[in-house]
Amino acid sequence: MIPTLSAPVQWQQIDLLSDLHLGPDTPATLSRLERHLAETSAQAVLLLGDIFEVWVGDDARHEPFEAGVVRLLLDASKRLALFFMPGNRDFLVGPELLADAGMTPLPDPTVLAAFGQHWLLVHGDAQCLDDEAYQAFRRQVRSPAWQAQLLTQPLEARQMLGRQMRAGSRAAQAAQLMSTDLDADACRALLAEAGATTMIHGHTHRPAEHDLGGGLRRVVLSDWDLGATPPRGDVIRLSATGLHRMPL
Ligand SMILES: [Mn+2]
């Protein structure tokens with residue numbers, strides 16, 4: 001049974017975004033998020049994973065960079081309904097960060113019931129079935145026992161692990177992402193289970209709309225990098241008029 005988020009009637013516009021990969025070295029992306037949250041006409045913003053480049057545990061939320069992001073999100077949460085789905089970089093986000101930042105957890109997958117239809121929301125990594133090594137890694141790191149064990153390590157040790165992850169060049173990480181994609185059969189099965197015709201996800205950093213046949217479609221969000229040339233990023237807005245992709 002896929003959890004359902006039923007949009008209250010006062011939500012006339014819902015923003016979906018993902019893969020901001022926020023970190024101290026991408027201040028332009030953080031500024032753009034702050035501006036979007038301040039200026040959006042939506043009543044709800046759903047963050048679909050990899051909002052942080054890396055999250056090493058909620059005890060990191062008091063570190064200078066992380067605390068700045070928390071303040072920004074908490075401020076936005078006073079005007080907006082903010083929801084957070086974990087990605088493969090920030091799966092360690094826990095209840096303390098969510099509470100401090102005014103965010104409501106969003107399970108992966110979630111069915112969003114809004115504007116008279118069902119929308120299937122996922123981060124996207126769980127459907128990349130051709131990458132067997134990654135799926136084995138994912139099963140490991142998503143297990144509560146593995147996470148509890150990791151969190152017994154001192155924050156400094158986990159931060160070092162995070163820096164090692166970041167040290168892999170962006171080009172190498174992009175190449176790794178390019179080599180995989182969501183499995184079409186898995187997407188169709190999940191859509192059937194959700195009673196939805198449209199799924200929306202991030203993770204692959206390849207914004208597109210894919211026809212899955214039988215009236216089904218898969219809509220992919222862009223990642224954000226406002227410091228890149230040209231800058232990247234988008235928001236998908238849902239409303240009574242349907243799905244609209246808005247470049248930043
Ligand atoms: Mn991802």
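The legends below describe close-up views of a metal site and of several salt bridges in a predicted model.

**View A. The manganese ion and its protein donors.**
Four residues supply the protein donors of the manganese ion, namely D50 through OD, N88 through OD1, H123 through NE2 and H203 through ND1, and these lie 2.0 to 2.3 Å from the ion. Along the sequence, the donor residues follow the spacing D-x37-N-x34-H-x79-H. Of these donors, N88 sits in the loop between β4 (81-84) and α3 (95-100), while H203 sits in the loop between β8 (198-201) and β9 (208-213), so that the pair, 115 residues apart, links distant parts of the chain. Both N88 and H203 are buried.

**View B. The salt bridge between D15 and R237.**
The side chains of D15 and R237 meet at 2.8 Å, taken from N to O. Because D15 belongs to strand β2 (residues 13-17) and R237 to strand β11 (residues 234-239), the pair ties together parts that are 222 residues apart in sequence. D15 is buried, its relative accessible area being 0%, and R237 is likewise buried, with a value of 12%.

**View C. The salt bridge between R158 and D59.**
Here the side chains of R158 and D59 form a salt bridge with an N to O distance of 2.7 Å. R158 is part of helix α6 (residues 155-167), whereas D59 is found in the loop between β3 (44-47) and α2 (64-77), and the pair, 99 residues apart, links distant parts of the chain. R158 counts as buried at 3% relative accessibility, while D59 is partly exposed, with a relative accessible area of 34%.

**View D. The salt bridge between D75 and R79.**
In this view the side chains of D75 and R79 meet in a salt bridge at 3.7 Å, again given from N to O; this distance qualifies because the rule accepts a side-chain nitrogen of Lys or Arg within 4 Å of a carboxyl oxygen of Asp or Glu. D75 is partly exposed, with a relative accessible area of 44%, and R79 also counts as partly exposed, at 47% relative accessibility.

**View E. A network of salt bridges.**
Four residues, D108, D125, R138 and R142, are linked to one another in a network of salt bridges. For the model as a whole, the count of salt bridges comes to 15.

Methods: Residues are numbered from 1 along each chain as its sequence is written. This is a predicted model: local features need pLDDT of at least 70, side-chain atom pairs count only at pLDDT 80 or more; totals for chains, interfaces and linings use all residues. Side-chain values use heavy atoms; hydrogens and water are left out. Helices (H or I, at least four residues) and strands (E, at least two) are DSSP runs, numbered from the N terminus. Buried means under 20% relative accessible area, exposed over 50%, partly exposed in between (1.4 Å probe, protein chains only). Donors are N, O and S atoms within 2.8 Å of the metal (3.2 Å for Na, K and Ca); water is not among the atoms, so sites may look incomplete.
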